[in-house]
Amino acid sequence: MGRETKVILHPQPPYDLNKYIQALGDFTSDGVNVFKKADLLGQAYYQRVIKVGGKYTLFTAYQKTPADRPKIVIQFKPRVNKKELKEKLAWIFGLDESLKGFYQRAKKDPVLSKVTEQFYGMVPIRTATVFEMVITAITEQQISLAVAVKIRARLVKRFGESIKLNGEKYYAFPTPEKLAFLKPSELLKIGLSHQKVSYIIGFSKKVAVGEFDVEGLKKKSDKEVIEKLTQIKGLGVWTAEYVLARGLGRTDVFPADDLGVRTAIGKLYGTGKIVSAQEARKILVKWKPYRRYTTFYLLCAGRLNPVM
């Protein structure tokens, strides 16, 4: 496999990868993403397999520096082209993002001022590809996140390419070409519904044959992304907004129809009850253009209950 290699990333401060790992470290792995919280035996890290120049590599990311002087260390193996690797990592870790404007606004809010203090420097990580995010969103439609993650882990281990290092297998997210030509029965076996099987195979085929340029969505406006995605069977507004926020890192988009989002907003900014999607949009108007950060921080606070 070759020796392990290292690169250094320099995000815009404040940036704290450890806070993100803290927020997601208790979740079961989806087969691709591994978040290891720090303990007495070692450093916290984030790990996954990505494809670089036609070759799969496993990278492990960790940060030992403070949020205001961020430096992310990336160790990867086997060796791949460093320039292309850094470009992909810059996308995943959101090196083009800055929290400063959001934090200035949050200081004036009694709820978010406490939450941002608790999670100072936490920037949401993006999926490696937009295709991965669309399939991820489909698996999470109308079921609990915990169940979706288990199903996705089966999807990855059954149909994703793998590399073997030190006797362990590590999996990459399945390619469009792999998912496009599966028999429906193969996807049904891992727990997906008939509808979701149809959506996944249908969308994957469009991408695999070049009918839909999913990675090209990075260059489209929010409105254009929603219009293009919602024209595809099985992809509604919730899916499109989820892809925009989590997959494309658009800072002013959030999935208003998401139950977790509506619950968090209702608890912290409403009457304590779940709000409607329309109410959620109305409540978060004041947080333009940072509604993605606002909802992400509220969701993390609600799950971990660090300050409430």
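**Exercise 1. Strand β4 and its neighbours**

Explain why strand β4 (residues 55-63) is described as largely enclosed, then find its pairing partners in this predicted model.

Solution.
Step 1. Start with burial. Eight of the nine residues of β4 are buried, so the rest of the structure largely encloses this strand.
Step 2. Look at β3. Seven bridges pair β3 with β4, and the sense is antiparallel. Within this pairing, Q47 has T60 of β4 as its bridge partner.
Step 3. Inspect the connection. β3 and β4 make a hairpin with two residues between them. G53 sits in the turn and has a positive phi of about 60°.
Step 4. Turn to β5 (residues 72-77). β4 and β5 run antiparallel and are joined by six bridges. Here A61 stands opposite I74 of β5.

**Exercise 2. Salt bridges across the sequence**

Find the salt-bridge partners of E132, E97 and R291, and state where each pair sits.

Solution.
Step 1. Recall the principle. Side chains of opposite charge can pair when their charged atoms come close. The cut-off is 4 Å between a side-chain nitrogen of Lys or Arg and a carboxyl oxygen of Asp or Glu. By this rule there are 13 salt bridges.
Step 2. Take E132. Its side chain meets that of R48 in a salt bridge, 3.0 Å from N to O. E132 belongs to helix α5 (residues 130-139) and R48 to strand β3 (residues 45-52), so the pair ties together parts 84 residues apart in sequence. Both E132 and R48 are buried.
Step 3. Take E97. The partner is R126, with the closest N and O atoms 3.0 Å apart. E97 lies in the loop between α2 (82-92) and α3 (100-106), while R126 lies in the loop between α4 (112-118) and α5. The two are 29 residues apart, and the pair links distant parts of the chain. E97 and R126 are both buried.
Step 4. Take R291. This residue bridges to D252, again with closest N and O atoms 3.0 Å apart. R291 is in helix α14 (residues 291-304) and D252 in the loop between α11 (237-247) and α12 (259-269), so parts 39 residues apart in sequence are tied together.
Step 5. Compare with the burial cut-off of under 20%. R291 has a relative accessible area of 13%, so R291 is buried. D252 is at 22%, so D252 counts as partly exposed.
Step 6. Add the network. Salt bridges link D30, E140, R152 and R246.

**Exercise 3. Helix α11**

Decide whether α11 is largely enclosed or open, and list its buried residues.

Solution.
Step 1. Nine of the 11 residues of α11 are buried, so the helix is largely enclosed by the rest of the structure.
Step 2. The buried residues are W238, T239, A240, E241, Y242, V243, L244, A245 and G247.
Step 3. Check what follows. G249 comes after α11 and has a positive phi, near 70°.

**Exercise 4. The second largest pocket**

Describe the volume and lining of the second largest pocket.

Solution.
Step 1. Its space comes to about 390 Å³.
Step 2. The lining has 22 residues, and the closest to the pocket centre are K51, T129, F173, T175 and P176.
Step 3. Assign elements. Two or more lining residues come from each of β3, α2, α5 and α7 (176-180). β3 gives the largest share, four residues.
Step 4. Sort by class. The lining holds 12 nonpolar, three polar and seven charged residues.

Notes:
Residues are numbered from 1 along each chain as its sequence is written. This is a predicted model: local features need pLDDT of at least 70, side-chain atom pairs count only at pLDDT 80 or more; totals for chains, interfaces and linings use all residues. Side-chain values use heavy atoms; hydrogens and water are left out. Buried means under 20% relative accessible area, exposed over 50%, partly exposed in between (1.4 Å probe, protein chains only). Two strands pair if DSSP finds at least two bridges between them. On a 1 Å grid over the protein atoms alone, a cavity is a set of points where a 1.4 Å probe fits but cannot get out, and a pocket is an open set with protein on both sides within 12 Å along at least five of seven lines; lining residues have an atom within 4 Å of a point. Grid points are joined across faces, edges and corners, and a volume is the space filled by probe spheres set on the points. Ala, Val, Leu, Ile, Met, Phe, Trp, Tyr, Cys and Pro count as nonpolar, Asp, Glu, Lys and Arg as charged, and the others, Gly among them, as polar.
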